[in-house]
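Visitor: Please show me the model, and then let us discuss how its strands are arranged.

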Amino acid sequence: MAKKAKLPPEGGPEEFLVARRGAVSRVNAEHYRWGDDCDAWHLVKDPQFTVIEELMPPGAAEVRHYHKKAQQFFYILSGEAIMEVEGDPVIVPAGSGIRIMPGVWHQIRNPSSSTLRLLVISHPPSHGDKWTK
C-alpha cells in the first residue's frame, strides 16, 4: 500500500513536511517569489498544465491582468481572497474556488490580516501569457 505524505496541522512549520518519493510538496517543489513578499511553489510544471501553491501575506495583491490563452482555477486553501473579475469584486472564502477564462481581466487580493494560501491551476501555463495593458 502506498504511503501518503505526512503534512503538518494547518499553518504548521514546514520542517514537519515529509516528502515521499513520488509525492510533491513545498519541501521539494521549485520555489519562486512574486509581487510584494508572495511565495509560490510549482507543484506541477508541465508544458500543458501547472499547479502552483501560493502564499500571499496580508494586504498583498496581484496586478490586474488577463491571459490570452490560459484559463485558471484559483482554489482557496486557507484565508479569504477578493478576486476582481472584469471590475466586479467576488469574495472567495477557504474551501471555494473561482474559474477565470482566457481574455478575462482579473486581480486577486488578500484584504485580511492573515496569510492567504491557495492553489492556482492553469491550462496551458499562464507564465509568459500575462497582459496588463
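Guide: Two terms come first: strands are DSSP runs (E, at least two residues), numbered from the N terminus, and two strands pair if DSSP finds at least two bridges between them. This is a predicted model, in which local features need pLDDT of at least 70, side-chain atom pairs count only at pLDDT 80 or more, and totals for chains, interfaces and linings use all residues. Residues are numbered from 1 along each chain as its sequence is written, and side-chain values use heavy atoms, with hydrogens and water left out.

Visitor: In what order do the six strands form the open sheet?

Guide: The pairing in this sheet is antiparallel. Its edge strands, which each pair on one side only, are β1 (30-34) and β7 (97-100). The complete order is β1-β2-β3-β9-β4-β7.

Visitor: Why is strand β3 described as largely enclosed by the rest of the structure?

Guide: Buried means under 20% relative accessible area, exposed over 50%, and partly exposed in between (1.4 Å probe, protein chains only). Strand β3 (residues 49-56) is largely enclosed because the buried residues number seven of the eight.

Visitor: Which residue in β9 is the bridge partner of I52?

Guide: Seven bridges join β3 to β9, and these strands run antiparallel. The bridge partner of I52 in β9 is V120.

Visitor: Which residue stands opposite V120 of β9 in the pairing with β4?

Guide: Strand β4 (residues 71-78) and strand β9 (residues 116-123) run antiparallel, joined by seven bridges. Opposite V120 in β9 stands F74.

Visitor: Through how many residues does the hairpin join β2 to β3?

Guide: Strand β2 (residues 38-46) runs antiparallel to β3, with seven bridges between them, and H42 stands opposite I52 in β3. The number of residues in the hairpin connection is two.

Technical notes: Helix = DSSP H or I, 4+ residues; strand = E, 2+ residues; numbered from the N terminus.
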